[in-house]
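Student: I would like to learn how to read a structure feature by feature. Could you take me through one slowly?

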Amino acid sequence: MTTIRRAAVTLPAADLGPANPLPPLLPLDEAHHVEERDLAGVPGDMARQIRYAPLGSVLPAPLYDGYDRRRAPRAFDALVLENDRLRATVLPGLGGRVVSLVHLPTGRELLYRNPVFQPANFALNGAWFSGGIEWNIGATGHTTLSCAPLHAARVTAPDGGEMLRLWEWERLRDLPFQVDLWLPDGSDFLYVGVRVRNPHDRPAPVYWWSNIAVPEERRVLAPAEEAWHFGYERRLRRIPVPEWEGADRSHPLNSPHAADYFYELPEDARRWIAALDATGHGLVQTSTAALRGRKLFVWGSRPGGRRWQEWLTEPGTGGYCEIQAGLARTQLEHVRLAERGEFSWLEAYGPLHADAGAVHGDWAGARTEVERRLEEALPHARVAEAYEAWLPCADGEPGEVLARGSGWGALEVLRAGEKLPGTPFEESTLTEAQEPWLRLLRSGELPEPEQPGPPGESLVAPHWRDLLESAAARPLTEYHLGVAQWHAGDRAQAVRSWERALRRTSLRWPLLRCLAVADRAAGDGERAAARYAEAFDELSRGPGEGGAADLVALAALGRETLEAQLCAGRVSEARSVWARLPGEVRERGRFRLLGARLLLAEGDRAGARAVFDEGVEVADLREGEEALGELWARLTDEPLPARHDFRMRPEGG
């Protein structure tokens, strides 16, 4: 049966950096957005779920965009689950990521194990890293918890052994969830029970995909004859599996460009997906029927995809693809969870060995071979039995606490006055971040800050918005109320709240910045730029002590201000902002790119070109972002150098 022990995983690791103190009023550019034109031919339920509750911002989660690419050895706290057949290594401080799954009798690593920790701009709120098995909850894209700590504890497993429980409060949709992992005695499969609960008296949109990174020199198989193809040109189309446009797309390197293949599984098919190498060995994932979707993500064989692979790890490591499982057909959808309802299912991960000739033969024969071998290794009936055995354990109270997550769940439990069996959010986990909101909850008033600085995180759920509306209309309360109103879609009222606060406070820059974002969203780039400039002027000459917090705020506001000035054609104002940025900020890759844009706007083409020639690295380059290529094309007709080529879509796509 499962044993659980503490360990450490030491990796060359970049610094995650602090949270961005500016509220993310607008979402990061999300690549997984489908055009309405493509919905005409999709099934009705899929179309409804694609249109259902799209994310307007990542509030209340903060952005993480302050990481770098300087790596040094760092030990990460790990929890190791082991029986006599498998060893799973989990990082509770990084979203509960399963970074390794080793089959002990053969010594085979079943996952793609990233040898470094390198954040990159792929999560909904910025920082994400590749490799292993990640638990994606929230909304279309990688979860805001990708690099965040989860609660973890020992729990009694269905067979009486030990089970590792991970849990947290997902803040985008305001939902608690849990992930239970255990290894039955003698089992070659890691069992994972998942539950997402809606404790509210209103329906909630739910998104879940379990993403599994595996080496890309595999054939990926699933029980499907068709798939929905979605690439970075943002077109959704139904295609045959595995042959499409003259290539067998079940081999990841046969796709030229990065793309998603969402398999169309028959209703009565067993849910599974496998990635097997040339010898027929590899990983298989299967689940109960509730986890409906299966997907293959590939980086493709073109230079842009290869460059991203290097960017996320290090050259010479070998590429990876992702096999995935989710609640819906595609990752473009959200599923409605009824008030006071829950979704739950069981997943299983383990090794599979099938006849290599059959696996790499015709599609029908390959699928038949994998399904036969899977049934031998883990009968479908056993998965259903394991799920039924786990359900009574899902409410079991955790024993020894192994890791701490955030205090946001504890705040929500205190507000609602009810506990959630199996996932205790203890009051002892509350931190300084929750303190003002606890005061609001208990006294009806939000305390004004004692010192100048960023206002802190906002809460935006309807119940917190109601409390803010009932509190005395002091400046900080009006600021947070405006953020909550903006999140609710009442942008006009948000602007009024921020304008009221602006007339009554000496700390104006956070409010000016919010109003500048509102101007930008309304299409008034000139007024947005003017307000940004005023906000930056106040912050740059303000009473801050010049510490780390001031530098973080100055860099975050400086970036937005520079971009606003350049977009409005206010070149001299942009130069003034640039001159007041600290030198260490100007040396960051994102700011060097902005500096190159500024030089070009000033007519210094050679100076802008020199930034590229010196080897600029933009640590927070966004998934699908083409800023490097676009600026290069404005400077020269020469081909884009390989080190700057991050293009993920066909030319003209």
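**Strands, pockets and turns**

Tutor: Let us begin with one pair of residues: Trp167 stands opposite Gln178 in strand 11. Before going on, please note that this is a predicted model, in which local features need pLDDT of at least 70 and side-chain atom pairs count only at pLDDT 80 or more, while totals for chains, interfaces and linings use all residues. Residues are numbered from 1 along each chain as its sequence is written, and side-chain values use heavy atoms, with hydrogens and water left out.

Student: Which strands pair with strand 11, and in which sense?

Tutor: Helices (H or I, at least four residues) and strands (E, at least two) are DSSP runs numbered from the N terminus, and two strands pair if DSSP finds at least two bridges between them. Here strand 10 (residues 162-170) pairs with strand 11 in the antiparallel sense over seven bridges, and strand 11 pairs with strand 12 (residues 190-197), also antiparallel, over six bridges. Gln178, which stands opposite Trp167, also stands opposite Arg195 in strand 12. The hairpin of strand 10 and strand 11 has four residues between the strands, and Asp174 takes a positive phi near 65° there.

Student: Is strand 11 buried or exposed?

Tutor: A residue is called buried under 20% relative accessible area, exposed over 50%, and partly exposed in between, using a 1.4 Å probe and protein chains only. Eight of the eight residues of strand 11 (residues 175-182) are buried, so the strand is largely enclosed by the rest of the structure. Leu175, Phe177, Val179 and Leu181 point one way, whereas Pro176, Gln178, Asp180 and Trp182 point the other way, and all are buried.

Student: How many residues of strand 24 are buried, and which strands are joined to it?

Tutor: Strand 24 (residues 320-326) is mostly covered, with seven of its seven residues buried. Seven bridges join it to strand 14 (residues 208-215), antiparallel, and five bridges join it to strand 23 (residues 293-298), also antiparallel. Within strand 24, Ile323 is the bridge partner of Ile212, and Glu322 is the bridge partner of Phe297.

Student: How should I read the two sides of a helix, for example helix 5?

Tutor: One looks down the axis and asks where the buried residues fall, taking the arc of the directions from the helix axis to the C-beta atoms. In helix 5 (residues 380-390) the buried residues are Val383, Ala386, Tyr387 and Trp390. They fall within an arc of 100°, so they line one face of the helix. The face turned away from this buried side carries the exposed residues Glu385 and Glu388.

Student: How does one look for empty space, and what is the volume of the second largest pocket?

Tutor: Rolling a probe the size of a water molecule over the atoms shows where empty space is left. On a 1 Å grid over the protein atoms alone, a cavity is a set of points where a 1.4 Å probe fits but cannot get out, and a pocket is an open set with protein on both sides within 12 Å along at least five of seven lines, while lining residues have an atom within 4 Å of a point. Grid points are joined across faces, edges and corners, and a volume is the space filled by probe spheres set on the points. The second largest pocket holds about 1,300 Å³ of space. Of its 48 lining residues, the closest to its centre are Asp29, Arg520, Arg559, Glu563 and Glu625. Helix 13 gives the most to this lining, with six residues.

Student: How many cavities are there, and what is the volume of the second largest one?

Tutor: The count comes to five cavities of 30 Å³ or more, and the second largest cavity has a volume of about 90 Å³. Its lining includes Val9, Phe117 and Gly132.

Student: Where are the cis peptide bonds before Pro60 and Pro242 placed?

Tutor: The bond from Leu59 to Pro60 is cis, with omega near 5°, and Pro60 is found in the loop between helix 1 (44-51) and strand 2 (71-82). A cis peptide bond also joins Val241 and Pro242, with omega about 0°, and Pro242 has its place in the loop between strand 17 (236-240) and strand 18 (243-244).
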